[in-house]
Amino acid sequence: MPHAPQFPEPADPHDAAGAEGSAAELAERTAQSLRHLAGGPLSRLPQLLEAMVAIGSDLDVHRVLHRIAETAASLTGARYAAVEVLDEDGDGLRDLITHGSPPEGRPAAPFALRVPIKVRGELFGSVFLAGKRDGAVVDPTAGSGVESEAGSVAASGAGSGRFGEVDLQLVRVLATEAGIAMGNARMHAAARQRRRWIDGAASVTTALLAGPETGSTKEHALTVVAEKGRELAEAATGAVLLPQSNGAMEVVAISTVLSEAVRTETYGGTIPAASPVLHQIHAGLAVFSDDFAGDPRSISPLSRHYGPTMLLPLRSGGRVLGALALCRASGGPRFTHLERTLGTQFASQAALALVLADRHRDRERLAVYEDRDRIARDLHDLVIQRLFATGMLLESAQRTAVLPEVKEGVGHAVDELDATIQEIRTAIIALQQGPPEAPAGPRTRILREAGAATVALGHRPSVQFVGPVDARVGAECARALVAAVGRALTEMARAAAAVRVVVDATVTLADGRAGVRLTVTGEGADGDPIAPVVWEQALQP
């Protein structure tokens, strides 16, 4: 936070009289001040009017403040000018714009001038002047002891000039115009900020409702919310937290400009269920902190990295889905009232977008499943039936064949048809697998192993399942089975030209226990069979 030079506060019994009120009152005050100046030196009026025009036409807050400081110093002959901007609560400085060098020592009140700047009746800050140059033009009535914002005007000042009534009126006019200009600039800045947040919320909704070709998974959706929220809030970190079964909230998506170490520590971190901030979040209330690291409500070790923080509930339909954390680095500017309001609205919009995105993905997933079911039905009802009918015709022809070579060839063709039917049935089962984000069953993992071995083998191995493999093979047994398939295919890749994998979940082992058996067979390039690889394990240890 900026600090103003420690000059004594000029006494001002009429300070409250500086409130501008309505625009009409502001105009009347300005006119009265100008009429007062018309009776004194007029050489500074053109410069004042030029500054008023420039200030009134500029919507950039910082440029306006710098122009006010510069003009105030030039009009009054002050060595030092400062524009002090109060924070929202009015109990501290938010910004300090200076011009010139502050005078040494602590000048007495008659040699310092402070005039308040008010925006729509609320104190915005003040113009502070000190160290009037010797020989600068002063109001000839200054020696009469006129009461002003500078206090009682003194007769002389030990090496420094004094501010007179004309100086006071000039700065009053400048402060009045500054209040009007700052009001306009504030409204313009607030409008632009609102537009940014509205556009940001719209872009999040568009991204979350995008098709699956953009990778619009649940994790992707949460990351989009965290990243856009961080960008809009000009924060160091944006994170999405979701509730856990133990009542805590875990960071499941993060976007940060801090170090990789902080990112690694934050991602996957939790806010304990006992934290008071979670009580508010679960109640659907936002939590704001000017220093999260030192906030007694935060008992999470993650908070030590952050200063000003907004914890915003992701609430939709009366249900809290999680929370959006927007955190600035320690020592960063605290969030304004407008930023808090816009952040809360963004979180509500993001929560609604997440719900809509989930429903959108559900509809797309349902469409895919329906398409898979149709393909599976067609394969079963049309393709397999035709292949089965063809196989029966070939078996009939084999029985009536006279030449042994014909019988052997037809018999081989029938075996190939049987193998093809088994592969199609495997494909049908694969089409009926669960959603991609669900844990893959043994069937899917074995098919992936077979697909991964295609390059090494030079062809895709045939895979056949016997029995309800997914239903009967548990997690531990499935891990061992998939590993065995990988080893067997690697071994076959050295010599086999054709490989067939059979997984049978209906076998009974030698000790009488139910088990699963893996058999991998192959043929060499010359057509001779290769020694099969056989692996088996009990379904229950």
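# A guided tour of the chain

Of the chain's 541 residues, 44% count as buried, meaning under 20% relative accessible area, with exposed meaning over 50% and partly exposed lying in between (1.4 Å probe, protein chains only). You are looking at a predicted model, in which local features need pLDDT of at least 70 and side-chain atom pairs count only at pLDDT 80 or more, while totals for chains, interfaces and linings use all residues. Residues are numbered from 1 along each chain as its sequence is written, and side-chain values use heavy atoms, with hydrogens and water left out.

**The whole chain**

Start with a cartoon view. The chain has 13 helices and 16 strands; these are DSSP runs numbered from the N terminus, helices being H or I with at least four residues and strands E with at least two. Switch to a surface and you see about 27,000 Å² exposed, 55% of it supplied by carbon and sulfur atoms; such areas come from the Shrake-Rupley method with a 1.4 Å probe, and for residues only the protein chains shown count as cover. Contact here means heavy atoms within 4.5 Å. Among contacts between residues at least 6 apart in sequence, 63% join residues at least 24 apart.

**First stop: the largest core**

Select Leu48, Ile68, Val83 and Leu129. These residues have the most contacts inside the largest nonpolar core, which has 35 residues. A nonpolar core is a set of buried Ala, Val, Leu, Ile, Met, Phe, Trp, Tyr and Cys residues joined through side-chain atoms within 4.5 Å. Now colour α2 (45–56), α3 (61–76), β1 (78–86), β3 (112–119), β4 (122–132) and α4 (165–208): each supplies at least two residues of this core. The largest share, 10 residues, comes from α4.

Zoom in on Val83. Setting aside residues up to four places away in sequence, Val83 touches Leu65, Ile68, Ala69, Asp95, Leu96, Ile97, Ile117 and Ser126.

**Second stop: a four-stranded sheet**

Which order do the strands of this open sheet follow? The 4 strands run β2-β1-β4-β3, with antiparallel pairing; two strands pair if DSSP finds at least two bridges between them. Look at the edges: β2 (93–100) and β3 each have a single partner strand, so one side of each is left without a neighbour in the sheet. Neighbouring strands here are turned by 15 degrees against each other on average, direction ignored.

Between β1 and β2 there are 7 bridges in the antiparallel sense, and Val83 has Ile97 in β2 as its bridge partner. Add the helices: α3 lies across β1, β2 and β4, running at about 150 degrees to β1, whereas α4 lies across β3 and β4, at about 30 degrees to β3. The axes are lines fitted to C-alpha atoms, for helices over the stretch in contact, and angles run from 0 to 180 degrees between N-to-C directions.

**Third stop: helix α5**

Select residues 218–233, the 16 residues of helix α5. At 1.5 Å a residue they should span 22 Å, and the end C-alpha atoms are 23 Å apart, which agrees; the expected span is 1.5 Å times one less than the number of residues. The buried residues of α5 include Lys228, Gly229 and Arg230, as well as Ala221 and Ala233. After α5 comes Glu234, with a positive phi near 55 degrees.

**Fourth stop: strand β11 and its partners**

Move to β11 (residues 306–316), where 10 of the 11 residues are buried. Strand β10 (residues 287–289) pairs with β11 in the antiparallel sense over 3 bridges, and Val287 has Leu311 as its bridge partner. Strand β12 (residues 319–329) also pairs with β11 in the antiparallel sense, over 9 bridges; Ser316 is matched with Arg319 in β12. β11 and β12 form a hairpin with 2 residues between them, and Gly317 in the turn has a positive phi of about 60 degrees.

Close by in your selection list, pick Thr266 in helix α6 (residues 260–266). Is Thr266 buried or exposed? Thr266 is buried, with a relative accessible area of 4%. Beyond its neighbours within four places in sequence, Thr266 is in contact with Val251, Ile254, Leu302 and Tyr306.

**Last stop: Val516**

Finish in strand β15 (residues 514–523), where you find Val516. Val516 is buried, with a relative accessible area of 0%. Its contacts, leaving aside neighbours within four places in sequence, include Val473, Cys477, Leu481, Val503 and Trp535. Val516 and Trp535 are 19 residues apart in sequence and 8.4 Å apart in space, C-alpha to C-alpha.
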